[in-house]
Amino acid sequence: MRTVDLRWVREVAASPAEVWAVMSDTDAFNRRAGFGFRFERVDGKLMGESSVAGVRSTWDEHPMDFVAPQWFRSRRRFHQGPVAEVCAECAIVPQSQGSQLDYRVKLTPRSAWLRPAVDLMVWGPKGRVLRQGGRFFVPYMSGNPRFDNTKTVDALKPHGIEVPKVRNYFANL
């Protein structure tokens, strides 16, 4: 089956360790992207679930393959819907002024008949996060905005707790 492929290659002003910390935290990526994923263990396997536009999806979340802080690959096999499988790969190459981020996503349609639906998911108006991919996180790696831009920032502010910038966050670990 022919896949729908997305690829982003970006130079970022951050070390491979900083890029790794942001990109390999797929849970944070999913939250920031607003995917609304939920996970639970069923019979020893990690299962994922989400609902987009009223359509419920479930999948098997396979263990991530990785060599930190160089690359990772994640794979999800969907139980139903137009997408049979999603594979995401991220390679991080040290550069003289930071790192090169090479991020790829391959979506495998369940059948040739469903390929147009997968294309619409990616290239239609709701596919912004998928199309932006690596660009979505470049500001976090350059240390400009806050590491956590979710509602957490607002919830902590009244208590005098400030969420640190990425570079400060990693320095404090």
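**Note on the buried charges and the nonpolar core**

1. With a relative accessibility of 14%, R76 counts as buried, and this arginine is a convenient place to begin reading the structure, which is a predicted model. R76 is joined to E61 by a salt bridge in which the closest N and O atoms are 2.5 Å apart. The partner, E61, has a relative accessibility of 16% and therefore counts as buried too, the cut-off being under 20%.

2. What does the pair of E61 and R76 tie together? E61 belongs to strand β4, which covers residues 55-61, while R76 belongs to strand β6, so the salt bridge connects parts that lie 15 residues apart in sequence.

3. The pair in point 2 is one of ten salt bridges counted in the model. Another joins D102 to R104, with 3.6 Å between the closest N and O atoms. Here D102, at 13% relative accessibility, counts as buried, whereas R104, at 31%, counts as partly exposed. These two residues do not stand alone, since a network of salt bridges links R7, D102 and R104.

4. A further salt bridge lies within helix α3, where R115 and D119 are four residues apart and thus separated by about one helical turn. An α-helix has 3.6 residues a turn, so residues three or four places apart point the same way. The closest N and O atoms of R115 and D119 are 3.4 Å apart. R115 is buried, with a relative accessible area of 17%, but D119 is partly exposed, with a relative accessible area of 23%.

5. Turning to the nonpolar residues, the largest nonpolar core holds 22 residues, and the members that touch the most others are V19, M23, C90, Y103, V105 and L107. Two or more residues come from each of β1 (4-12), α1 (16-23), β6 (71-78), β7 (83-95), β8 (98-109) and α3 (115-123). The element that gives the most is β7, with five residues.

6. Is helix α1 mostly covered or mostly open? It is mostly covered, as six of its eight residues are buried, namely P16, E18, V19, W20, V22 and M23. Two of these buried residues, V19 and M23, are also among the core members that touch the most others.

7. For a reader new to the model, two elements deserve a second look. Strand β6 holds R76 of the salt bridge with E61 and also gives two or more residues to the core. Helix α3 likewise holds both R115 and D119 and is listed among the elements that give two or more residues to that core.

Note on methods: Residues are numbered from 1 along each chain as its sequence is written. This is a predicted model: local features need pLDDT of at least 70, side-chain atom pairs count only at pLDDT 80 or more; totals for chains, interfaces and linings use all residues. Side-chain values use heavy atoms; hydrogens and water are left out. A nonpolar core is a set of buried Ala, Val, Leu, Ile, Met, Phe, Trp, Tyr and Cys residues joined through side-chain atoms within 4.5 Å. Buried means under 20% relative accessible area, exposed over 50%, partly exposed in between (1.4 Å probe, protein chains only). A salt bridge is a side-chain nitrogen of Lys or Arg within 4 Å of a carboxyl oxygen of Asp or Glu.
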